[in-house]
Amino acid sequence: MLSKDSLDWKNTSMIFIGASPILEEEIMELKQKRNDYFLLASDTSSYFLYKNNVVPDAILSIDSGRGTAYHFRSDFPQDIPIFTWLGGNKEIFLRKNPIYLIFTSYPFDQLLSNYLQEFMILKNSSLNISGMALSIAESMDILDFGFSGISFSSFNSKSHCRATGYESYILSQLYRTKTMEMYSPGNYKSKISNKNQIARDNLKNSKYNYKNFKEVNPSFNSNFKIKKSMVLKKDLKYFFKIINQENIINQLSAEIEVQTKLIKRYLNSLL
C-alpha cells in the first residue's frame, strides 16, 4: 500500500506528467532535468515518455475504462511501479509491474483501509487524474510539486500527445475516410470545459500552486527505492479473505444494499 513510510517524501520534489500534446514541446527539457525530480506519469503519457527515453519513477492509473489497458503495451517495462486503486482497470493487476494501492474516498476503499490499518484516504475533489496526483503530493508532504504535459485543452489541434494507448485502441477502426487525424479521444477542446476548469482551479488553490516543472525546486535522490514490502499481493484470495468477515460484509451490505447472504455466497464461490 502506498504510504508515507514507503519513501522519504519530505525531501523529494515530484513532477506529475500528463498526456497533453504540449508534452511534445516540453520533452527535451524534461529529459535534461530527468534526475532532478521524482517523475509520476499518467498511464496515458507513460509510453510516449518511455519511447523518448524518459522512464518515469512510477505511473498513476485510476481510470477503469477499456482504453486504459492499451497504454501498457507488450514492450513497456515491467519494473516500473504502478499506483492504482481497486477500481482501476483489471488488466493492470495482470501485469508483472509492482502495484501499490491507494485508498480513495470510495466506501469500499474506506472499509479496507480501516481493516488494514492504513488510514490515509486520498480525496480528489477535482475529479481529474492531476488532482489525484496532487492529493498524493499533499498527503505525503512532498517538498515541492509541479506539472508537465498538463494544459486541460487541446494544443495545435491535438487532444493528446503521440504514442498514447488511444492510438492503438482506434487503429482497427480507421479506414480511408476516417483517419487518425479525425480521432479525438477526450473532452479536451480548444476552449477549456467547465469540468476541466474545476480541475485547474483545484490545482491553483493548492499549497503548491499550479506550477510548470521548470518552476519546481529540484530535489531527488535517484537511488531511492520504494519498499517492496508494501507491494500489493497479486492474489485475489488475499482480498477475499479480508472481505469475507462478518463486520466487513455487514458494512458492505448496507453500503451497496445487497443481502449479506448473497455477498457470502458470492465470496465463497471465489475462494
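Trainee: Which residues sit on the two faces of strand 2, and are they buried or exposed?
Mentor: This is a predicted model, so keep that in mind. Phe-38, Leu-40 and Ser-42 lie on one side of strand 2, Leu-39 and Ala-41 on the other. All are buried, which leaves both faces covered.

Trainee: Where does strand 2 run, and how many of its residues are buried?
Mentor: Strand 2 spans residues 38–42. Five of its five residues are buried.

Trainee: How many bridges join strand 1 to strand 2?
Mentor: Four, and the two strands run parallel. Ile-15 stands opposite Leu-39. Phe-16 faces Leu-40 across the pair.

Trainee: What links those two strands into a β-α-β unit?
Mentor: Helix 1, residues 23–32. Together with strands 1 and 2 it makes a right-handed unit.

Trainee: What about strand 3, how many bridges tie it to strand 2?
Mentor: Three, again in the parallel sense. Strand 3 covers residues 58–60. Ser-42 stands opposite Leu-60 there.

Trainee: Which helix does the chain pass through on the way from strand 2 to strand 3?
Mentor: Helix 2, residues 43–51. That β-α-β crossover is right-handed.

Trainee: Back to strand 1. Which way do its residues point?
Mentor: Ser-13, Ile-15 and Ile-17 point one way, Met-14 and Phe-16 the other. All are buried. That is five of five for strand 1.

Trainee: And strand 6, how many bridges does it share with strand 1?
Mentor: Five, in the parallel sense. Strand 6 is residues 144–148. Phe-145 of strand 6 stands opposite Met-14.

Notes. Residues numbered from 1 in each chain as written. Predicted model: local features only at pLDDT ≥ 70, side-chain atom pairs only at ≥ 80, totals over all residues. Heavy atoms only, no water. Buried < 20%, exposed > 50% of the residue type's maximum accessible area, 1.4 Å probe, protein only. Pairing = 2+ DSSP bridges. Right-handed = clockwise from strand over helix to strand, strands pointing away.
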